[in-house]
Amino acid sequence: MLSRVADHLYWLSRYLERAEHTARLLEISVSLAPDRTPESASRQGVRLLSALQALDAQRAGQVEFPLLAVDLTVGEREESLRSCVSHARENARQVREQISVDMWEELNRLYLRLNAARDDHGWQEQPEDLFREVRHSVYLFKGMTSSTMVRGEGWHYMELGRFLERSINASMLLDVHLREFHDGLRGQVETVDFVEWLSLLRCCASFDAYVRAHSASIRPLHVLDFLLLNAEFPRSLRFAADRIEESLRRLSRLSGRSSPARVERLAGLLRASLQFVQIEELLNGDLLQTLEHVRRQCRLIHHATYQSYISYQLEGEIA
């Protein structure tokens, strides 16, 4: 596969995963806003931008949340939904022949919907409807991808991009949450913090699955165990690490590169750091450091993937 094609498919998948994540955070923030005090709502704005790794996160408390939500939906900032979908569409346009007509049409429809929302402010009366529509559109795109795409290199570049982006987003969300709600992790959730732990589960699209595994009683220890170490839940860090390693193993086999060892070793280290550990051990150590380790490994895997498969030196391969 051409490096150019691999690059565009990888980023197409990453930007759509980012758009879905942002839409979910906005939807949950808006829907839980009536349960928050003005002070709590202000802190939620800071946490939201911090979770999205925005450079101006600390200034979020100075902006009313409805205005911030509009900016994160159709604004010019890099974290906005419109920006993420525009980048995804531009990457898809560059490799139009690699994706199905259904995938292209759904992505194009979402792009036009968000562009229309920039000029038509009617959606702001019920903003969660638009955020839900974006999520469902991304789900539909992923379903079309799964149903229409050959399981070749292109598919695995898209899977790699999706789970790398998911790992970074989830670890950052957990990091931001734990910096504020770090007391009593082994006990029951305090009444005043119940909404925030519920919000964390819903922001990770995991509330229903968590309830089936641990009942409706929300305990921080169980929540963290579920979101970090559950091997079967597709939104957990452990599950994402397994998929990253699997995609890289398949890419190595399909591409026939002579020296992909470093990127596979990095993926193996990430997987092992989440496979051979228990949540009690993480709580006894530095949990924030563990989350930073996940993000650092993801960044190293990203760069090593480019060095091995996308921007490698052809002379070295021939030699």
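These exercises, each with a worked solution, read one predicted protein model.

Residues are numbered from 1 along each chain as its sequence is written. In this predicted model local features need pLDDT of at least 70 and side-chain atom pairs count only at pLDDT 80 or more, while totals for chains, interfaces and linings use all residues; side-chain values use heavy atoms, with hydrogens and water left out.

**Exercise 1. Overall fold**

Task: State how many helices and strands the protein chain has, then judge its compactness.

Solution.
- Step 1. Count the elements. The protein chain has 15 helices and 0 strands. Both are DSSP runs, numbered from the N terminus: helices are H or I with at least four residues, strands E with at least two.
- Step 2. Compare the radius of gyration with the globule rule. The radius is 20 Å, close to the 20 Å that the rule gives for 319 residues, so the chain is as compact as a globular protein of that length. The radius is taken over C-alpha atoms, and the rule is 2.2 Å times the number of residues to the power 0.38.
- Step 3. Add the box. Along the principal axes, the C-alpha atoms fill roughly 65 × 50 × 35 Å.

**Exercise 2. Burial, contacts and charge**

Task: Describe the protein chain by its buried share, its contacts, its surface and its charges.

Solution.
- Step 1. Buried residues make up 55% of the 319 residues. Buried means under 20% relative accessible area, exposed over 50%, and partly exposed in between (1.4 Å probe, protein chains only).
- Step 2. Take contacts between residues at least 6 apart in sequence. Of these, 71% join residues at least 24 apart. A contact means heavy atoms within 4.5 Å.
- Step 3. The accessible surface is about 14,700 Å², and 50% of it belongs to carbon and sulfur atoms. The areas come from the Shrake-Rupley method with a 1.4 Å probe; for residues, only the protein chains shown count as cover.
- Step 4. There are 40 positive and 45 negative side chains, with the centres of the two sets 4 Å apart. Lys and Arg count as positive, Asp and Glu as negative; His and the chain ends are not counted. Each charge is placed at NZ of Lys, CZ of Arg, CG of Asp or CD of Glu.

**Exercise 3. Trp197 and its helix**

Task: Place Trp197 in the core and in helix α8.

Solution.
- Step 1. The largest nonpolar core holds 105 residues; Trp197 is one of those that touch the most other members, along with residues including Leu224 and Leu248. Such a core is a set of buried Ala, Val, Leu, Ile, Met, Phe, Trp, Tyr and Cys residues joined through side-chain atoms within 4.5 Å.
- Step 2. List contacts of Trp197 beyond four places in sequence. Among them are His177, Phe181, Val189, Pro220 and Leu224.
- Step 3. Look at the helix. In α8 (residues 194-203), 8 of the 10 residues are buried. Trp197 is one of them, as are Glu196 and Ser199.
- Step 4. Find the partners. The buried residues of α8 pack against α1, α2, α7, α9 and α10.

**Exercise 4. Polar residues under cover**

Task: For Arg238, Gln297, Thr73 and Thr305, decide whether each is buried or exposed, and name contacts.

Solution.
- Step 1. Arg238 sits in helix α11 (residues 237-255). Its relative accessible area is 14%, so it is buried. Beyond four places in sequence, its contacts include Leu228, Asn230 and Gln275.
- Step 2. Gln297 belongs to helix α14 (residues 287-310). At 7% relative accessibility, Gln297 is buried. Past four places in sequence, Gln297 touches Leu266, Leu269 and Leu270.
- Step 3. Thr73 lies in helix α3 (residues 65-74). Thr73 is buried at 0%. Its contacts outside four places in sequence include Leu26, Trp123 and Phe131.
- Step 4. Thr305 is in helix α14. Thr305 is also buried, at 0%. Leaving aside neighbours within four places, Thr305 meets Leu160, Leu248, Val263 and Ile310.

**Exercise 5. Positive phi**

Task: Locate Gln53, Ser215 and Ala205, and give the phi of each.

Solution.
- Step 1. Recall the background. Most residues other than glycine have a negative phi.
- Step 2. Gln53 has a positive phi near 60 degrees. Gln53 lies in the loop between α2 and α3. It is partly exposed, at 41%.
- Step 3. Ser215 has a phi near 75 degrees. Ser215 is in the loop between α9 and α10. It is partly exposed, at 38%.
- Step 4. Ala205 comes just after α8, with a positive phi of about 55 degrees.
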